Amino acid sequence: MAILPILQFEEKILETVEHNSVVVVIGETGSGKSTQLCQILHRKGFTKSGVVAVTQPRRVAAVSVARRVAQELRVRLGEEVGYGIRFEDRTSEKTRIKYLTDGVLLRESLSDPELNNYSVIILDEAHERSLNTDILLGLMKRLVKIRPSNLKVLVTSATLDGGKVSRFFSNCPVVTVPGKLFPVEILYSSERPTSYLESSLNTALDIHVREPEGDILIFMTGQDEIEKLVLKLEEKIQRLEEGSCMDAIVLPLHGSLPPEMQVRVFSPAPQNCRRFIVATNIAETSLTVDGVVYVIDSGYVKQRQYNPSTGMYSLDVVCISRVQADQRAGRAGRTRPGKCYRLYPSTIYWEELPEVTVPEIQRSSLAGSVLYLKSLALLDVDILKFDFLDPPSRESLEDALKQLYLIDAIDENGSITQVGRTMAELPLEPSLSRTLLEANDCGCLSQALTVAAMLSAETTLLPNQSKRHEKKRKHVPLELPDGSGLGDHIQLLQIYEHWDKAGYDTSWCMDHALQVRGMMFTKDVRKQLVQIMQKITKGPLDVKRSRGRKQSQQGYKNLRRALCVGFASQLAERMIHHNGYRTIGFKAQLVQVHPSSVLKTDEDGRLPEFVVYHELVATTRPFMRNVCAIEQAWVMPILKKLNQLNVNKLSGGTNSAEITMDGQVTDLPNKDADTKANNDRDSKIQAARERYLARKTKK
DNA sequence: GAGCACTGC
């Protein structure tokens, strides 16, 4: 094996770590940082005083890198070298090097806030800025002050602005390690194409005809585009004169592809054959495709974002950042010198693309993260002043506080309640945690566990119903239960109960057009939730289906009431004259039930007067996804609570802001700056979206 | 009457 670049820096790294609590290590792809850093520290004896932890943003990475290191050290995986991911703890008493997902480390710090088990914590791939990594960065900053003598923290990253992280950690040293990438020639288009799909198609064919062998990786934004481009490529390639160029295979690659289709990209191309891989940004970081020499970059990505002022999610096509563009280009230089075709001019790269991707923490609902931080007994810390590398907007934090207050996780002063502490122990979004606790009190825990687990798996549950596939399908899927007309939560419950009755049969899933993967995940989640609930309540639980019959006879009333308590911040009231709804809360939003919902109207054609919704999504219009009928009497206490809500008090009363019921804001420091930053970002995103839509309609 | 990128506890 060739010597990895990082090993030439062993002395320097050790010396720096010796004299500093925090060190930033910048190492490009191929530097060996993920596998070697912990071994360097191990050789120096850091594993004698504790375990060396290495966090990864993804499960597969944690497992595969752990396996590699165990091989290199010639030990059995799970002994000296192990890993910990959700549902799987492969460590033992012997373990000295432990790979784990950042989410697992956060969970661990819930039971041991000082993480005393560890002598070194390495936050790997920090440049990806996952929500969990960002929270860990803040926690590490505190932790090195609490454990100055016996904890070392290393933050490693490929392209992260080392200066910024260094400043965050009181100007800690930065060690830069070169990577092992081959040079990649960048070729820009002279202008933005009217259709990047057409442009990708032509560029790819051009490469195929003119350039020597090597696979082509094409970045598109979504499944739909990928399928279109794959078809067109196949069509054009067939028309090429036989013998005029080498053979070709076209492969789609995206997240909702079944795993057996995804792994096809790992088998190399046959002799004298070029592969075209048409992928989403799953190929940017999550999956590495070997053999790629040419990259075609559209410059766009689909990104989900949360708007705290409306509580709505949207999935938008936005420009990638320069960091992302470079990451994409790097995919061409893994095995030999490559080429990257950017379907936009260099002026756009330098002047219009944002330098870095907006970190996830600034694009997500923060209820879960805020509850987590509050449960960590950070008594000296006001959540609005928690030290984030890039702080979320004040609006976003206040939105989280309001949600938490309405579901009893924090009191009117913003302090965590006993209920909130218990909620934080559950690996669920706060609304579902609250639902479980309420369900436990009113005797429908078993059902609530199922609903929570099903909703956790929701995206992997249903098959992707692209029209093309529907025609291809040989069998018409069997009909699913209808939720007794009460809504989608009830339907999810009924689906699981039927599957349970069918003995968790995989063919049952396929007959009903449900993804086996998603249903198995649901089963795992439910099992984990049962275990945690048992620990919380310190006793046997009613988690079997014994009460199901009785419950369904009375219209799942207890379950729906528990949902109402858990989703107190996600209620909507029907309009008087039609079946539109307005959300109940600070800023009422006019929304509709998503057409995929199984919620039914009564004999007069009216939908229920009150519903809870799982989420608001803005697509062509604002929709409530996953709704469940509730009763007016249950809503009343929540309305009362809403009236008493005072955001100023919730956020610790550290400023003089008052937000009144109708959303009027008076005298809010920093508010303007935050709003401006948000507006700037929103308008940029909006502009990108408009450009994209304009192109789409032209076609 | 719509349509969904990618992760994770």
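**Protein surface around DNA strand B and the nonpolar cores of chain A**

In this predicted model, 29 residues surround DNA strand B, and the closest are Arg59, Arg86, Gly255, Thr619 and Arg625. A residue is taken as near a strand or molecule if one of its heavy atoms lies within 4 Å of it. Residues are numbered from 1 along each chain as its sequence is written, and chains are lettered from A and ligands numbered from 1 in the order in which they are written. Local features need pLDDT of at least 70 and side-chain atom pairs count only at pLDDT 80 or more, whereas totals for chains, interfaces and linings use all residues; side-chain values use heavy atoms, with hydrogens and water left out.

The surface near DNA strand B consists of eight nonpolar, 12 polar and nine charged residues. Here Ala, Val, Leu, Ile, Met, Phe, Trp, Tyr, Cys and Pro count as nonpolar, Asp, Glu, Lys and Arg as charged, and the others, Gly among them, as polar. Of the strand's atoms within 4 Å of the protein, 69% belong to sugar or phosphate and the rest to bases.

Polar contacts (pairs of N or O atoms within 3.5 Å; within protein, one must be able to donate a hydrogen and the other to accept it, and residues adjacent in sequence count only if both atoms are side-chain atoms) include two to phosphate oxygens of DNA strand B: a backbone N or O atom of Gln223 lies 3.0 Å from one, and an N or O atom in the side chain of Arg621 is 3.0 Å from one. A base nitrogen of DNA strand B lies 3.2 Å from a backbone N or O atom of Pro427. Two or more residues of the surface near the strand come from each of helix 4 (102-111), strand 14 (300-307) and strand 21 (622-630). Helix 4 gives the largest share, three residues. Helices (H or I, at least four residues) and strands (E, at least two) are DSSP runs numbered from the N terminus.

Helix 4 contains Gly103. At 23% relative accessibility, Gly103 is partly exposed; buried means under 20% relative accessible area, exposed over 50%, and partly exposed in between (1.4 Å probe, protein chains only). The C-alpha atoms of Gly103 and Asn132 are 6.0 Å apart, although 29 residues separate them along the chain.

Chain A has 26 helices and 23 strands, and 54% of its 699 residues are buried. A nonpolar core is a set of buried Ala, Val, Leu, Ile, Met, Phe, Trp, Tyr and Cys residues joined through side-chain atoms within 4.5 Å. The largest has 121 residues, of which Leu436 and Met624 touch the most other members. Another core, apart from it, has 33 residues, including Val250, Phe276, Cys319 and Tyr344.

Contact means heavy atoms within 4.5 Å. Residues up to four places away in sequence aside, Leu436 touches Leu426, Leu428, Leu445, Ala448, Leu449, Ala452, Leu529 and Met533. Helix 16 (residues 445-456) is largely enclosed by the rest of the structure, because 11 of its 12 residues are buried. Its end C-alpha atoms are 16 Å apart, in agreement with the expected 16 Å at 1.5 Å a residue; the expected span is 1.5 Å times one less than the number of residues.

Ile532, in helix 21 (residues 516-537), is buried at 14% relative accessibility. Beyond its neighbours within four places in sequence, Ile532 is in contact with Glu425, Leu426 and Pro427.
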